[in-house]
Amino acid sequence: MFRRRALRRRLAAAGAPSVPEEQVRGLARALDAGPGAGATACVAAAALRLPAARAFRFPDVRDLAELRRLPLCPDPRCCNPYHLSRLCEPETPPPPYSRLAMDDMKPKEHGESTEDARRTDHERLPVGSLATDGEERPSWEAEWCRLAYWELTQRVGRQFGVRVRAVDVFGGGGGACGSGRHGLCLDALESRPDAPQADQVRKTRAKIGLGVTLSLESDGVWLYNRSQEPVFVSSPALDAAAARALLVWRVAPGHCLCVFDPAAPPPPLTLPHVGPVDPRSVRISFAKGWGPKYSRRDVTACPCWLEVLLAPPS
């Protein structure tokens with residue numbers, strides 16, 4: 001257990017003011033419990049929000065504006081660092097790979113703009129919708145999205161309809177199925193043991209852990225990476241200015257990203273050599289990236305990935 005004297009020293013070094021002993025005890029209990037079970041316990045100490053996040057999650061965070069509460073946290077005063085996620089931002093300066101062109105995905109005469117070249121921490125890749133190919137769409141009813149889980153080119157299980165505002169997608173170590181987490185438990189889905197490259201799928205699935213939370217909020221659909229590995233996201237809504245060369249964003253552990261804004265949906269899009277793009281389809285790969293920086297050029301080469309199908313506008 002965190003000793004309260006040592007905890008106070010770390011908080012003071014992170015800029016925390018003196019606070020009542022009861023608040024320090026509550027924070028110590030939340031830290032002892034960790035990001036799993038402890039993530040359900042709020043600690044109401046507004047003065048400790050930034051120092052606790054800096055001391056235990058994000059050492060270089062400068063301002064509360066860089067942080068966002070997870071959907072499970074109802075208290076705006078909460079300082080439990082496992083209730084906080086950091087906004088995903090591009091790298092600065094841009095790494096060399098951000099300027100690589102997808103020569104096999106677009107005609108030679110289509111060069112990238114200067115604005116596209118500045119965009120970082122993500123790769124260019126067109127996106128369509130695989131989960132609905134050849135499958136009849138039943139009525140959406142009250143669903144705001146559906147989830148389709150894939151392992152390489154094989155979809156595993158049926159589409160998972162989401163009606164609650166926040167849904168978890170988690171795997172081994174992310175909590176037993178039926179433990180109170182609402183969402184898609186990947187441990188409950190049976191992969192084909194004879195599937196090609198099954199070993200890499202098992203290894204990647206074991207890393208998913210707490211996985212991701214998808215949340216429908218007042219300012220859009222947010223992705224929260226709660227695992228210990230990065231996730232990679234492609235959505236037509238993420239980069240309207242680079243729509244002809246869609247980007248794949250890397251979301252580090254503990255970070256979050258708005259992947260879709262229903263108030264400003266992307267326009268219909270057709271890419272050269274690819275065809276129509278589903279503007280309401282979001283793809284998320286666990287632990288493994290794809291694009292020109294990686295050996296995997298397409299998301300279907302990733303061991304474990306998710307397609308989020310957003311409901312059509314009413």
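This is a short chat about the predicted model shown above.

Student: Quick overview first. How many helices and strands are in the protein?
Tutor: There are 5 helices and 17 strands. Keep in mind that the model is predicted.

Student: What share of the 314 residues is buried?
Tutor: Buried residues make up 52%.

Student: And the contacts with a separation of 6 or more? What percentage comes from residues 24 or more positions apart?
Tutor: Those residues account for 64% of such contacts.

Student: Let's go to the N-terminal helices. At what angle do H1 and H2 pack?
Tutor: About 95 degrees, with the axes 10 Å apart. H1 spans residues 4-13 and H2 spans residues 21-33. That makes H1 roughly perpendicular to H2, because an angle of 65 to 115 degrees counts as such.

Student: Which residues make the contact?
Tutor: From H1, Arg4, Leu7, Arg8 and Leu11. From H2, Glu21, Val24, Arg25, Leu27, Ala28 and Leu31.

Student: How does that contact split by class?
Tutor: The contact of H1 with H2 has 6 nonpolar and 4 charged residues, and no polar ones.

Student: Next, H3. Why is H3 described as largely enclosed by the rest of the structure?
Tutor: Helix H3 covers residues 49-56, and 7 of its 8 residues are buried, so the rest of the structure largely encloses it.

Student: Which ones are buried in H3?
Tutor: Arg49, Leu50, Pro51, Ala52, Ala53, Ala55 and Phe56.

Student: What do the buried residues of H3 pack against?
Tutor: Two helices and two strands: H1, H2, strand E1 (67-69) and strand E2 (84-87).

Student: Switching to aromatics. How many aromatic pairs does a search of the whole structure find?
Tutor: The search finds 3. One of them is Phe232 with Tyr294. Their ring centres are 5.7 Å apart and the planes sit at 80 degrees, so this pair is edge-to-face.

Student: Where in the chain are Phe232 and Tyr294?
Tutor: Phe232 is in strand E11 (residues 231-234). Tyr294 is in the loop between strand E16 (281-286) and strand E17 (305-310). The two are 62 residues apart, so the pair links distant parts of the chain.

Student: Is Phe232 buried or exposed?
Tutor: Phe232 is buried, at 4% relative accessible area. Tyr294 is partly exposed, at 23%. The cut-off for buried is under 20%, so Tyr294 falls outside it.

Student: Last one, Trp222. What sits over the ring of Trp222?
Tutor: The charged end of Arg68, 3.7 Å from the ring centre.

Technical notes. Residues numbered from 1 in each chain as written. Predicted model: local features only at pLDDT ≥ 70, side-chain atom pairs only at ≥ 80, totals over all residues. Heavy atoms only, no water. Phe/Tyr/Trp six-rings, centres within 6.5 Å; stacked < 30°, edge-to-face > 60°. Helix = DSSP H or I, 4+ residues; strand = E, 2+ residues; numbered from the N terminus. Buried < 20%, exposed > 50% of the residue type's maximum accessible area, 1.4 Å probe, protein only. Lys NZ or Arg CZ within 6 Å of the ring centre and 35° of its normal. Axes fitted to C-alpha atoms, helices over the stretch in contact; angles between N-to-C directions. Parallel < 35°, antiparallel > 145°, perpendicular 65-115°, else oblique. Contact = heavy atoms within 4.5 Å. Nonpolar A, V, L, I, M, F, W, Y, C, P; charged D, E, K, R; others polar.
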